[in-house]
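Q: Please choose one place where two helices meet and take me through it closely. A little background on the whole chain first would be welcome.

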Amino acid sequence: MSLKFRLNLLITLLSLAFISVVGTILVNDTRISIRERVEAASRVTVQLLDTVIVSSALNPEYGATHKVLQSFLQSLGYVRSSHITLYDMRGNLLYESPESTFKSDIRPPEWFAKLVRPKTEVVERKIRYGTLVVSSSSAGSIREAWSGFSQLMWVGLGFFVLLNVMVYALLRYSLRPIQPILASINRMEHGDLETRLPAFKLPEFDRIGHSLNRMAESLAAERQLEENRQLTQLIQSHIEDERRSLARELHDELGQYVTAIKTFAVAIVNKTKDKSPDIAGNAQTIVAAANQIYDGMHDIIRKLRPGALDNLGLSETLRDAVNYWQKVHPEMRFNLSLEGALDQLGETLNINIYRIVQESINNALKHANAKLIDIQLLVEANGLELTIKDDGVGMILSAVDQTQHFGLLGIRERVQGFHGSFNVVSEPKLGTTLYINIPHSIMDKNK
């Protein structure tokens with residue numbers, strides 16, 4: 001499921017949820033309004049008829065009360081929101097008020113009428129020689145309410161369609177750069193480092209495009225000059241800057257969008273879980289998808305640039321990395337020993353030590369078939385000593401062309417870039433040990 005489709009689906013669900021909530025509020029307000037209107041009209045009608053009844057009783061010369069009421073009702077005619085019937089003492093119908101003709105051409109659907117129709121209230125008066133019955137009638141008010149509600153429904157439907165069309169067009173335009181970006185990344189993965197991205201109108205994608213172009217340029221230069229120690233160190237530094245820039249772009253830009261999507265979806269869940277559980281369920285699915293995207297993004301950021309290195313220093317970054325490897329490979333055992341002033345080495349040395357450990361562990365995980373990896377890092381007066389040992393299958397160093405093993409070559413180039421020493425000790429079935437030493441004088445220059 002593509003990002004564009006998910007965003008379109010999210011906007012559609014949000015629009016439907018908004019329309020549903022607004023519709024529910026309108027129906028509830030309409031029901032209350034009709035109920036109050038009908039109750040008020042019924043009270044006024046009953047009070048009017050009570051006045052006629054009392055007047056007839058006080059003035060017997062007017063005739064029998066039921067006759068007086070019959071005459072009065074016939075002259076009164078239709079009374080809105082009330083249905084009036086008059087019976088004689090034998091139960092014969094003397095009068096029945098005519099039905100409402102207000103908006104009689106409108107036929108509201110039964111579901112709407114059931115939602116807004118108030119409870120019918122009946123008032124009965126025993127009078128001389130008869131019975132008067134007044135029942136509340138909401139038919140006219142319901143027809144009037146449906147007239148306005150149906151117009152709002154059409155307006156809402158038009159707004160929903162227009163909004164989705166506009167959002168789809170906007171997303172299609174805004175996310176158009178994703179395809180060339182992905183295509184360029186795919187070509188880079190297959191070794192085509194000459195590929196370049198064009199300038200994009202949107203600043204976020206333009207920055208990402210520039211970052212990828214600079215990364216491609218750096219990687220191309222690294223391939224051409226991989227045996228030149230000084231240039232290799234400069235390229236690696238440039239790559240780290242671009243990795244940090246790209247990681248920051250992913251965290252700041254994509255992280256905000258994912259967080260916004262999750263926030264909207266959580267709000268929908270909270271607002272609809274009682275009244276519309278199906279909408280809440282869909283919104284919860286969006287929350288889960290947003291969490292997956294967020295976790296995946298942080299895995300990518302971790303690989304590009306460990307955030308802890310800039311914030312917490314080398315010690316905590318290595319501990320965090322070892323904990324991560326231990327979690328991913330529970331069948332193995334990792335030992336980490338740190339001694340000395342490790343958090344005063346400087347940024348350049350920090351990232352290179354981290355990359356050396358990272359590459360060494362990756363090599364052991366891929367090729368050594370080891371069960372134990374031991375990492376020891378010591379900073380003392382003479383300099384920095386790093387030892388990485390595994391109990392894997394080992395190798396015959398004399399039979400290994402280390403210039404063709406880019407993992408070892410990259411480690412060697414990093415160490416030699418600091419005028420340090422790099423040695424590998426390995427024997428078949430006895431594991432492999434890497435010894436790295438960087439002199440104190442070089443450490444001081446890189447602080």
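A: **One helix pair in context**

Among contacts (heavy atoms within 4.5 Å) with a separation of 6 or more in the protein, 66% join residues 24 or more positions apart. The model is predicted, so local features need pLDDT of at least 70 and side-chain atom pairs pLDDT 80 or more, while totals for chains, interfaces and linings use all residues. Residues are numbered from 1 along each chain as its sequence is written, and side-chain values use heavy atoms, leaving out hydrogens and water.

Of the 447 residues, 41% are buried (under 20% relative accessible area, 1.4 Å probe, protein chains only). The protein has 13 helices and nine strands, taken as DSSP runs of at least four residues (H or I) and at least two (E), numbered from the N terminus.

Now to our pair: helix α10 spans residues 314-328 and helix α11 residues 347-368. Their axes, lines fitted to C-alpha atoms over the stretch in contact, come within 10 Å and cross at roughly 15°, on a scale from 0 to 180 degrees between N-to-C directions. That makes α10 roughly parallel to α11, the term for angles under 35 degrees. The crossing of α10 and α11 is right-handed: the near helix is turned clockwise from the far one by less than a right angle.

From α10, the residues taking part are Leu314, Thr317, Leu318, Ala321 and Trp325. They meet Asn350, Ile353, Tyr354, Val357, Gln358, Ile361, Asn362 and Leu365 of α11. Nine residues of this contact are nonpolar, four are polar and none is charged, with Ala, Val, Leu, Ile, Met, Phe, Trp, Tyr, Cys and Pro as nonpolar, Asp, Glu, Lys and Arg as charged, and the others as polar.

Terms used: Angles under 35 degrees count as roughly parallel, over 145 as roughly antiparallel, 65 to 115 as roughly perpendicular and the rest as oblique. Buried means under 20% relative accessible area, exposed over 50%, partly exposed in between (1.4 Å probe, protein chains only).
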